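Here is a set of short exercises to work through with the model open in your viewer. Try each task before you read its solution.

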Amino acid sequence: MTSLPETTQRKLGLVIDLDTCVGCHACVIACKSWNTENYGAPLSDQDPYGAAPSGTFLNRVHSYEITPPHGQAQLVHFPKSCLHCEDAPCVTVCPTGASYKRSEDGIVLVNEADCIGCGLCAWACPYGAREMDQTAGVMKKCTLCVDRIYNENLPPEDRTPACVRTCPAGARHFGDLGDPDSDVSQLVAARGGFDLMPDLGTKPVNKYLPPRPKDQWDETDILAPFLEPVADSPQGFLGWLDRALERL
């Protein structure tokens, strides 16, 4: 079994704003594109255009309609990928050491050359963040675009995960969550960021920002000024026509 590092120098991860995400799936497409063309073996698709399309994705977006106890119903888009947990059960259950957590930045990766496709890590992950690539026969997961964030051949603005770089709504943020002074840590503190299923004790590095409560209003009051008649009696040509017709 694989052991976890006692500490990590940094805790690189994502902060996802559930209030800002519009569910456009741009992050899903960017992730699929980058990891198919660059990192490891391509992410396969078995039947991408069939009635039940199947394939390997490292990032997915789920949408839920919720009704808060005090508020109006709203649609919440929930992006989900590997959370790079501090106490990652997917790592400790791996029998070959293919799954491991890096001590320098806390990123959880899979050494595909050592993966035997047993699927134990997928069973151990409580978030469903791992997917078996049916073509390659190995387990795939989010890498935080480790081949981008350290790539000095890219311009500085591109040294960030593909999903963060492409998000049109600015709902995804990347940084060191082990540094309390980092932008992402301050964002989590200011907005009440939370862990996904904290009761499991996995200590996920990625955080979510909750949706802001929606304003309450009376739709009748808003529409009332537009429903009031502009004038009590017809004016101009219509007024003349109305008076002429009354004389007939």
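**Exercise 1. Charges over rings**

Over the face of which residue does Lys32 lie, and at what distance from the ring centre? Then find what sits over the ring of Trp34.

*Solution.* A reminder before you start: this is a predicted model.

Step 1. Show the side chain of Lys32: this residue lies over the face of Phe57, at 4.2 Å from the ring centre.

Step 2. Turn to Trp34. The charged end of Arg148 sits over its ring, 4.6 Å from the centre.

**Exercise 2. The chain as a whole**

Find how many helices and strands the chain has, and what percentage of its residues count as buried.

*Solution.* Step 1. Counting the secondary structure gives eight helices and nine strands.

Step 2. The chain has 248 residues, and 38% of them count as buried.

Step 3. Now consider contacts in the chain with a separation of 6 or more: 61% of these come from residues 24 or more positions apart.

**Exercise 3. A sheet of three strands**

Work out the strand order of the sheet that contains β1, and say which strands stand at the edges.

*Solution.* Step 1. The sheet is open, its three strands come in the order β8-β1-β9, and the pairing is mixed.

Step 2. Each of β8 (172-176) and β9 (207-209) has a single partner strand, so these two stand at the edges, with one side of each left without a neighbour in the sheet. From one strand to the next, the twist averages 25°.

Step 3. Take the pairings one by one. β1 (residues 12-17) and β9 run parallel and are joined by three bridges; Val15 has Lys207 in β9 as its bridge partner. β1 and β8 run antiparallel, with five bridges between them; here Leu12 stands opposite Asp176 in β8.

Step 4. Look for what packs on the sheet. Helix α6 (residues 183-191) does, touching β1, β8 and β9, and its direction makes about 120° with that of β8.

**Exercise 4. The surroundings of β1**

Decide whether the two faces of β1 are covered or open.

*Solution.* Step 1. On one side are Leu12, Leu14 and Ile16, and on the other Gly13, Val15 and Asp17; all are buried, and both faces are covered.

Step 2. Six of the six residues of β1 are thus buried, so the strand is largely enclosed by the rest of the structure.

**Exercise 5. Nonpolar cores**

Identify the residues with the most contacts inside the largest nonpolar core.

*Solution.* Step 1. This core has 36 residues, and Ile107 and Tyr208 are the ones with the most contacts inside it.

Step 2. Ask which elements contribute. Among those that give two or more residues are β1, α1 (26-37), β3 (74-80) and α5 (162-166).

Step 3. Another core, of six residues, lies apart from the largest one; Leu177, Val184, Val188 and Val205 are among its members.

**Exercise 6. Tyr208 and its aromatic partners**

Explain why the rings of Phe78 and Tyr208 count as stacked.

*Solution.* Step 1. Collect the neighbours. Leaving out residues up to four places away in sequence, Tyr208 touches several residues, including Ile16, Phe78, Leu83 and Phe194.

Step 2. Compare the rings. The centres of Phe78 and Tyr208 are 4.7 Å apart and the planes are at 15°, so the pair is stacked; the cut-off for stacking is under 30 degrees.

Step 3. Place the pair in the fold. Phe78 belongs to strand β3 and Tyr208 to strand β9, so the pair ties together parts that are 130 residues apart in sequence. Both residues are buried.

Step 4. Widen the view: Phe78, Phe194 and Tyr208 form one aromatic cluster.

**Exercise 7. Three loop residues**

Determine whether Leu144 is buried or exposed, and do likewise for Pro180.

*Solution.* Step 1. Leu144 has its place in the loop between β7 and α4. Its relative accessible area is 1%, so Leu144 is buried. The phi of Leu144 is near 55°, a positive value in a residue other than glycine.

Step 2. Lys203, in the loop between α6 and β9, also has a positive phi, near 55°. For context, most residues other than glycine have a negative phi.

Step 3. Pro180 lies in the loop between β8 and α6. Its relative accessibility is 62%, so Pro180 counts as exposed. Not counting residues up to four places away in sequence, Pro180 touches Ser185 and Gln186.

Conventions:
Residues numbered from 1 in each chain as written. Predicted model: local features only at pLDDT ≥ 70, side-chain atom pairs only at ≥ 80, totals over all residues. Heavy atoms only, no water. Pairing = 2+ DSSP bridges. Helix = DSSP H or I, 4+ residues; strand = E, 2+ residues; numbered from the N terminus. Axes fitted to C-alpha atoms, helices over the stretch in contact; angles between N-to-C directions. Contact = heavy atoms within 4.5 Å. Core = buried A, V, L, I, M, F, W, Y, C linked by side-chain atoms within 4.5 Å. Buried < 20%, exposed > 50% of the residue type's maximum accessible area, 1.4 Å probe, protein only. Phe/Tyr/Trp six-rings, centres within 6.5 Å; stacked < 30°, edge-to-face > 60°. Lys NZ or Arg CZ within 6 Å of the ring centre and 35° of its normal.
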